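Please look at the sequence and the model below, and follow the chain from its paired strands through a covered helix to the aromatic rings and the surface.

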Amino acid sequence: MIKAVYPGSFDPVTQGHMDIIDRAVKVVDELVVGVLVNTSKSCMFTLDERVEFLREATKGYPNVKVEKFEGMTVEFAHLHDAKIIIRGLRAITDLVSEMSIAQTNRYIDDTIDTMFFATDIHHSFLSSTVVKEILAFNGDISGLVPDCVETMIKNRKLKQ
Ligand code: ADP
């Protein structure tokens, strides 16, 4: 039974994240997506919204769970009995920071390893930041986030 965690801010979840989830579940038996409680980035969506978006978007995956977490990723991995941390790489610039995060995690706990997935070329420009920038100008985010998330974001705007 291979378990993995996929940590991130997911503010909001994008099709880039979904592609990584879709590919990761083909190589692990169980994937726990960890939504960071306190991220250094300032979030547009609340923690509960970020979790709700992900739960809705991953409804069709029986082996994916979505949980909030704070603190160190290796502790989150231990909590779920996972030995693998999944991360996605969009460009060489991601590799620079991701290498150091992966090495730090291994320094803290060498029983846990990081597995990287190179983004699909269609998603290499895509980040939560890009989605938030388009939203700030009332632009169209269809195709950039899962359809259900686009609907939830539209409904949220109507309520505001
Ligand atoms: P963090 O704040 O931890 O970087 P993100 O939500 O921005 O959290 O990203 C979570 C993970 O998903 C990271 O490993 C990031 O590189 C990866 N990721 C984000 N966007 C994409 C994308 N378009 N393609 C592939 N991986 C991505």
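In this predicted model, a convenient place to begin is the pairing of strand S1 (residues 3–8) with S2, two strands that run parallel and are joined by six bridges. Within this pairing, tyrosine 6 stands opposite valine 33, a residue of S2. Strand S2 itself, which spans residues 30–36, is mostly covered, since six of its seven residues are buried.

Helix H1 comprises residues 15–24 and is likewise described as mostly covered, with seven of its ten residues buried. The buried residues of H1 are Gly16, His17, Met18, Asp19, Ile20, Ile21 and Ala24, a list in which glycine 16 also takes part in a contact at the start of the helix. There, a side-chain oxygen of threonine 14 comes to within 3.1 Å of the backbone nitrogen of glycine 16.

The aromatic rings come next. The structure holds three aromatic pairs, and two of them can be followed here in detail. Phenylalanine 45 and phenylalanine 53 form an edge-to-face pair, with 5.2 Å from centre to centre and 75 degrees between the planes; both phenylalanine 45 and phenylalanine 53 are buried. Phenylalanine 69 and phenylalanine 76, by contrast, form a stacked pair, with 4.4 Å from centre to centre and 20 degrees between the planes. This pair counts as stacked because its angle of 20 degrees falls under the limit of 30 degrees, whereas the 75 degrees between phenylalanine 45 and phenylalanine 53 lies over the 60 degrees required for edge-to-face. Phenylalanine 69 has a relative accessible area of 5% and is therefore buried, and phenylalanine 76, at 4% relative accessibility, counts as buried too.

From these rings one may turn to methionine 72, which is found in the loop between strand S3 (64–69) and helix H3 (73–79). What degree of exposure does methionine 72 have at 37% relative accessibility? Methionine 72 counts as partly exposed, because its 37% relative accessibility lies in between the 20% under which a residue is buried and the 50% over which a residue is exposed. Together with Tyr107 and Ile108, Met72 makes a nonpolar surface patch of about 360 Å². Finally, methionine 72 can be set against a residue further along the chain: methionine 72 and isoleucine 134 are 62 residues apart in sequence, and their C-alpha atoms are 31 Å apart in space.

Methods. Residues numbered from 1 in each chain as written. Predicted model: local features only at pLDDT ≥ 70, side-chain atom pairs only at ≥ 80, totals over all residues. Heavy atoms only, no water. Phe/Tyr/Trp six-rings, centres within 6.5 Å; stacked < 30°, edge-to-face > 60°. Buried < 20%, exposed > 50% of the residue type's maximum accessible area, 1.4 Å probe, protein only. Patch = residues over 30% accessible without salt bridge, like charges linked within 9 Å, V, L, I, M, F, W, Y side chains within 5 Å. Areas by Shrake-Rupley, 256 points an atom, 1.4 Å probe, with all protein chains shown as cover. Salt bridge = Lys/Arg side-chain N within 4 Å of Asp/Glu carboxyl O. Helix = DSSP H or I, 4+ residues; strand = E, 2+ residues; numbered from the N terminus. Polar contact = N/O pair within 3.5 Å; in protein donor to acceptor, adjacent residues only side chain to side chain. Pairing = 2+ DSSP bridges.
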